[in-house]
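Notebook open, model loaded. I wanted to look up a few surface features, one at a time.

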Amino acid sequence: MKLHIRKITFVFFFTAVIPFFAAAEQADVSGTLFHHILDSKKIDLFPGIAPVTLPFGMSVHVLMLILAALLIVGFSLLAVKKGILKPKSPAVIVETLVLFVRDDIVIPVMGEERGEKWLPFFFTQFIFLLTVNLLGLIPAFKTATGNINVTTSMALLVFILIFIIGMKNLGIVGFFKNLFPEGTNIPIGIFVAFLEFIGIFTRSIVLSLRLFANMFAGHLAILSFLVLIFVINPLFGFVSMPFAVFTYVLEVLVGLIQAFVFTLLSCIYIMMASTSENE
């Protein structure tokens, strides 16, 4: 265990800290900090090597999304490879993740019958977010979920599904009628229905902001510790480096939790919108 921690620290130091020494000559420390977080058209692969401009006007965050999709497809094809009687590591990992999403997210919220139908969607959502979050921990890469445009797109998909599935299951009239609480007089009922309708928008916005804020803040914290080496004194690295490494390891857990929370809340919101009060 100690050996693995040393390896992580060693790799982290030479792939994340050394580029900061190369950028220390720049007067704008804050610019250097945000350069490693915000999206750009160029990617810094290795220290001492000039940044590579991505083709077709592609940004680094778009590249991360494409890479995550390719990794998921490739790993899934490897896991379901034909002619293998005994499941190997890829198949075991995929099966474990599927069971986790099914038993801990989808079925407890939607029930077994409806949950089985929605399992492919929510599993894809969970594994995609998890892959994107973890890819951002590779020092040469950037976290696409630290971009508000990406998280808003994910939340917008859930928002559209809320209306589509709700109107499909309850009907157009039934969907809006479901927002009106039974047993209340008309003025209060209309006011509550208006609040419920606004709540659909609010929940989607919060869904986006929660994921973005957590992923962006985590990487900002790591790089802030590293910047202190240049702001205070190079010797301060003996203090800031352990904190940076600890935060870096903590980000692995945060990436998993945020993928879980986003998927769980999406499941809850879709279930609430597509279920009448009488069910």
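Before anything else, the cut-offs I'm using: under 20% relative accessible area is buried, over 50% is exposed, and partly exposed is in between. Also a reminder to myself that this is a predicted model.

Entry 1, the salt bridge. I looked for salt bridges and the count came to one. It joins the side chains of Arg102 and Asp103, with 2.9 Å from N to O. Is either partner tucked away? I checked each in turn. Arg102 has a relative accessible area of 26%, so I put it down as partly exposed. Asp103 comes out at 37%, so it is partly exposed as well.

Entry 2, the nonpolar patch. I found a nonpolar surface patch of about 480 Å², made by Phe191, Phe194, Leu195, Ile198 and Phe201. I picked Leu195 for a closer look and found it in helix α8, which runs over residues 186-231. Its relative accessibility is 45%, so Leu195 counts as partly exposed.

Entry 3, the second largest pocket. I noted a volume of about 240 Å³ for this pocket. Which elements give two or more residues to its lining? They are α8 and α9 (237-273). Helix α8 gives the most, with four residues. I counted 14 lining residues in total, and those nearest the centre are Asn178, Leu179, Glu196, Met272 and Ala273. Sorted by class, I have nine nonpolar, two polar and three charged residues in the lining.

How values were computed. Residues numbered from 1 in each chain as written. Predicted model: local features only at pLDDT ≥ 70, side-chain atom pairs only at ≥ 80, totals over all residues. Heavy atoms only, no water. Patch = residues over 30% accessible without salt bridge, like charges linked within 9 Å, V, L, I, M, F, W, Y side chains within 5 Å. Areas by Shrake-Rupley, 256 points an atom, 1.4 Å probe, with all protein chains shown as cover. Salt bridge = Lys/Arg side-chain N within 4 Å of Asp/Glu carboxyl O. Buried < 20%, exposed > 50% of the residue type's maximum accessible area, 1.4 Å probe, protein only. 1 Å grid on protein atoms, 1.4 Å probe; cavity = no way out; pocket = protein on both sides within 12 Å on 5 of 7 lines; lining within 4 Å. Points joined across faces, edges and corners; volume = space filled by probe spheres on them. Nonpolar A, V, L, I, M, F, W, Y, C, P; charged D, E, K, R; others polar.
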